[in-house]
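Here are my notes after a first pass through the model. I took the aromatic contacts before anything else, then the cavities and the annotated spans.

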Amino acid sequence: MGSRLDRYSSIQSTSYCNIGDEFSDREILLSIVPVALPQFIFILQDISFGLSMRKSQGTWGLQWLLRMSSDKQDTLLKMVILSVAATLAFSTRLFSVLRFESVIHEFDPYFNYRTTRFLAEEGFYNFHNWFDDRAWYPLGRIIGGTIYPGLMVTSAFIYHVMNYFHLTIDVRNVCVFLAPLFSSFTTIVTFYFTRELKDASAGLVAAAMLSIVPGYISRSVAGSYDNEGIAIFCMLLTYTLWIKAVKTGSIFWGSLCSLAYFYMVSSWGGYVFLINLIPLHVLMLMFTGRFSHRIYVAYSTVYCLGTILSMQISFVGFQPVQSSEHMAALGVFGLCQIHAFVDYLRSKMSSDHFNTLFRSLVLLVGSIAFGAAAVATALGKIAPWTGRFYSLLDPSYAKNNIPIIASVSEHQPTTWSSFYFDLQLLMFLFPVGLYYCFSKLTDANIFIIMYGVTSIYFAGVMVRLMLVLAPVMCVLGGIGMSAVLTTYMKNLDNPLKKEKKSSKKIESNYPLKNEIATCVVIMMTAFLLFYTYHCTWVTSEAYSSPSIVLSARGGDGSRIIFDDFREAYYWLRHNTPEDAKVMSWWDYGYQITAMANRTILVDNNTWNNTHISRVGQAMASPEEKAYEIMRELDVGYVLVIFGGLTGYSSDDINKFLWMVRIGGSTDRGSHIKEWDYYTPQGEFRVDKDGSPVLLNCLMYKMCYYRFGSVYTEGGKPTGYDRVRNTEIGNKDFELDVLEEAYTTEHWLVRIYKVKDLDNRGA
Amino acid sequence: MKSLIVLCLLLQLTFCKTNTDTIDKNIVNAKIDRKIDISSHLVKTSTSVTLENKGTSPVRSFLFSVEPLLKNSIAFIGASSKDDKEKLDVSLTTVAGHSDKTFYRVTLRSALDGGKTTVVELEAIFSHILRPYPSEIAQAEKQLVVLEANLYFYSPYPTTSQTTTVVTTSSNVESYTKTKPVSQSDTSIIYGPYEDKSAFAEAPLKVHEENNSPFLTVTSMERVVEVSHWGNIAVEEHIDMTHTGASLKGSFSRFDYQRQQDGLASIKTFKTSLPASARDVYYRDEIGNISTSHMREMDESVEVELRPRFPLFGGWKTRYFLGYNVPSYEYLFFKDEHYALKMRFIDHIYDDMVVDKMQLRIILPEGVKNIELKIPFEVERQGDQVHYTYLDTLGRPVVVLNKNNLVEQHIQDFELHYTFQRLLLLQEPLLVVGAFYLLFLVVIIYVRLDFAITKDEAKESRMRVAGFIDEVQNAHDRRSALYQSYDDAINKFKSSKDAAAFSAGRKKIDADYKQLTQQIQNIQAQLKTEGAEASEKVAELQRLDSLYKEQVGLAIMAAEKLVAGKMGRQQYLDAEAATTSKCDDTYKKMESLRATL
């Protein structure tokens, strides 16, 4: 269900999208806040540290603070730092709202927005039974049963509560600001999570770091209304409650944890990671001999309740007991019972008897379990391993086998640079945090270690899973940073305590103690400062463009807005018949249904590969052939994205090879061969040397219709494509079966009307 | 829509029962000078009517009629007298025996006596009469329209002499009716004079001309005026518009549109004038902000140049929202509890605008009563509604007004009178204050009271200790103040040399001091039972204090010696320096100890 996120391409094409060269005053203010934060935290930590060491003499003019009891001071500091971090998490995500407007971004969020509006207006039962005939024409889609409803239910709930109190906020604004709001919540949860793992000061540092980490911001800026926005909150909440359950071994915390897990399942498909990580943690505890009644109670509660609850989500259904992705959890559950039973037996029997029994039991149970699994797989009771899961284990799997998964840029392996881009300082603090965790192993620490190690692997496989990695990076980074600071702050000489110290003997085995400590502390401060600068810069430059509205700088430095997408969608909305079917590549499906309110053939919910393939075939075929397909599918209008005039690089010609590949991947499209679209030298070119098949296919013609007469750049011939940087090869042609219905101002979106069949007499 | 209009008319008819007239046989149109302006998409007629009363009795009013075919297209009728340019009353009426025609009664300012004449200017505006012909044109073609009208002035009275001038858009006239006498000049076609036509005379008049003016029609609009007594009036207009000219045939070519600047009949942009005080103007639609608009502030108004997302060709539709705020002092007047809102019923949207259907919703503050409406033309008032928004409890009353077929001439003020108790203004702030107060109260109660079923000994002990420490600190602070009193007493003694007073003062301070020290001692004992480490610190504090006291004793002794002359000046100063430095030292220690308790 991924969307094609070309966020990196938008950074590279600086000629086109160099937003934010100059900040407005508001933005400067906004960017000062995150910069000020670490200093603030630093000072506060300093103070609290000083207080806890009972050294402070009240030289900061904070007498009122010092007069409080240390409990109160502690609470106050924590609350202040946490609320500053939470506010910051909210406000740093507002760049795009300030720069553009309160608008939904990207592709998937438009679908979520549309469904949320439906839910808010029609109620839950209608939503649950919603059969959407606006998408996947002529198949339609059962929306209620094929989505994770958590996000929509959350926003609809907020919407209804607000409106109950007559705070008339509309659904769109709830949707736009939901992700920042939940980021604030995540910040707070991170604090509690880290506090459970180490201590409160590590929690504060982790919370502050999480509030601005770009890896998380990338999916939670205002307007980015996607499942991940709330899922990270749910995930961390579940982890926190899990740790709590493990520490206390109480059914209460276990039940709360399974409720949080239920919320997580209802909101994101990534819950699979969670239901594998928790069993892994339990397994690891067993291996290290830390299995105890506490863990037994915690896991049994969480697994049983969690599984039953998760099956209430109709999209999940019986998967938790059938599909292989959930088998690890079931297996560990069984193992828990056996382990507990074995422990019980061991306490009642002599060791000789026990060993005999143990061996025979292991053999018996092992063979039965294996046999049962094999039979179930053979009968198809256990779902076959899905492609997405394979691609997690083997990064090249999807690329080789499923073009539709590989075509999504966020399913690509992560590069090193994007690790640094998204995490910066945390990359280096991560091992530090791991070290401190290892140096004092506890049940909880083992969990965070497992989480860190697995998620760093998954993030390496898929760009999109960077999101799962970011929180654990912050948690471990927070632990590391806080431990380093605590260690060295202690070594700082306190000028006000000199008299006492001089009376003592100076420790001779640690020369320059004060100086080294000062250096380390200053260095850490500098790191934190750079971290905030980097995060703010990344947020502002890379993650805050709504992608539905593009902006560029004109020659005189003024800002030019390209609002072509909405122009085209709005034209479709008002000037085509209500029941018109629009054909476009699947990327734009969600936006067309949400903004143009027209029926589309394929959308970003890529559930039917053959249907998408059919559209790919139409795009890749010559006109006559394509006309047959379009008549077959009742297509009224065709929409293409063309960047040749403006230099917008993620247009349909650049995606065209994927259409060819996906089009050719089914039986009906077997005549479409990728090789035909390359030059004999194996290049993909649109100029004179390009393959004639390419130069005459429907997509080429729709993109370049009449473009051959346009001057795009000084000194270049007509029909010069500014994305491919060539003069196009086939300039002068007419369309037979289509007519240009609308082209937007900057030619970004072109809409064609499919002509009716000719009258027979004519 | 037609049925609505009929409904409107019916309503008006039932409303004005007295509006039945008869055709006065004595009136004659002596001279008619008619101008039909078809240079825009509206048909504007202005007629100068010279009325003659051939009878003997004075005439107070006369009738103006509209052809049966045109009665649904009429948007506005106005009359003024030629002499003083004063507006005359025009009202809809009926005439027995002529139920198919529409009549308007124009009331003269002064009765017209028999044999006299008077000149009246009549203005009528018709919408949707100009028919695009051909009805479909390609992008590059020009738009042609045809006017079909009555060659003669349609009147219930016989007409002696009349001329008609048709003002065309340009000199490009394809064809026109050539009933002589007729002459065509640059942009006008002049018919007549025609003599002696009977009442209700009709003859076809057809003009086919090129007209590329924007055929922009607002098919429906909703104007919402939200009044806040805190000083703001928010106005929002939801506008659906269509290009009602010749529709586009075939494809739209962006290339031609950009290179050749064709599409003459298309609408790229239009200008809207808003009130001069308009602030926070926004221009958006269902899918977000429309970034293509410019605003210019002028003396008289704020001019907004609106560009729809896409150019409008014939038959193309769009929809947008335009909103702004104006300060209420310009529109809202009050005296005691009586308020009057005076605002435009409809505001300027574009030049020569046509609005087919309009709804005005006026949202008044909560608690408004006795609503009365005054409006210069007939509107249909729906039942009042209730609107809920921020912090409302009972809801705000909404006055809903409907009207069809509006043009620029309808930009007129309405008046809405109502009563409102000013104290109600405070209701919502108080609500918020109350809510927060409750919240804080709950938090305070929750934090202060112990809801636990079990007792947490450690915590209670900690709290007790904290209380004791507080007491110690207070007592110590007071004790520190006493040290100062000692110093003061000594200094005073040195200067006054009054031993009796000194000893009295000293005794008093001593008593206080003893009491405080005893108090701290007691607390220390209690702290000890709590097993707190603070107890040791308090003991240390006591020790330091006794050191200090010792020094004070020394200082007093030295002072007494000095006064008694038993000690030399220099000697005393040395001793004083020693004690002071020791005192300071101890004092510092005590303070730091006190801070860390």
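1. Let's start with the rings. Over all chains, this predicted model holds 73 aromatic pairs. One of them joins Phe310(B) and Trp316(B): the ring centres are 6.3 Å apart and the planes meet at 75°, and since anything over 60 degrees goes down as edge-to-face, that is what this pair is.

2. Are those two rings buried or exposed? Phe310(B) has 1% relative accessibility, so it counts as buried. Trp316(B) comes out at 8%, so it counts as buried too, the cut-off being under 20%.

3. The pair isn't on its own. Phe310(B) and Trp316(B) belong to a cluster linked by ring pairs, and chain B also puts in Phe252(B), Tyr257(B) and Phe313(B). From chain A come Tyr570(A), Trp571(A), Tyr637(A) and Tyr742(A), so if you follow the ring pairs you go from one chain to the other.

4. Two charge-over-ring contacts in chain A are worth a look in your viewer. Arg661(A) has its charged end over the ring of Trp658(A), at 4.5 Å from the ring centre. With Lys716(A), the charged end sits over the ring of Tyr720(A), and the distance to the centre is 5.1 Å.

5. Now the empty space. Counting cavities of 30 Å³ or more gives eight. The second largest has a volume of about 200 Å³. It is lined by 19 residues, and those closest to its centre are Arg34(B), Thr45(B), Glu67(B), Leu70(B) and Phe126(B).

6. Which strands build that lining? In chain B, β2 (27–37), β3 (43–53), β4 (59–66), β8 (117–126) and β11 (144–150) each give at least two residues to the second largest cavity. β11(B) has the largest share, with four residues.

7. As for the chemistry of the same lining, twelve residues are nonpolar, four are polar and three are charged.

8. On to the annotations, both from unreviewed UniProt entries. For chain A, UniProt gives "domain: AglB-like core" at residues 572–640. In the model that span is 49% helix and 13% strand, and its end C-alpha atoms lie 13 Å apart.

9. For chain B, UniProt lists residues 430–449 as "transmembrane region". Here the model has 95% helix and 0% strand, with 28 Å between the end C-alpha atoms.

Definitions and conventions: Residues are numbered from 1 along each chain as its sequence is written. Chains are lettered from A and ligands numbered from 1 in the order in which they are written. This is a predicted model: local features need pLDDT of at least 70, side-chain atom pairs count only at pLDDT 80 or more; totals for chains, interfaces and linings use all residues. Side-chain values use heavy atoms; hydrogens and water are left out. On a 1 Å grid over the protein atoms alone, a cavity is a set of points where a 1.4 Å probe fits but cannot get out, and a pocket is an open set with protein on both sides within 12 Å along at least five of seven lines; lining residues have an atom within 4 Å of a point. Grid points are joined across faces, edges and corners, and a volume is the space filled by probe spheres set on the points. Ala, Val, Leu, Ile, Met, Phe, Trp, Tyr, Cys and Pro count as nonpolar, Asp, Glu, Lys and Arg as charged, and the others, Gly among them, as polar. UniProt positions are given in the numbering used here, feature names are shortened, and annotations may be inferred rather than shown by experiment. Rings of Phe, Tyr and Trp (its six-membered ring) pair if their centres lie within 6.5 Å; planes under 30 degrees apart count as stacked, over 60 as edge-to-face and the rest as tilted. Buried means under 20% relative accessible area, exposed over 50%, partly exposed in between (1.4 Å probe, protein chains only). A charge sits over a ring if NZ of Lys or CZ of Arg is within 6 Å of the ring centre and within 35 degrees of the ring normal.
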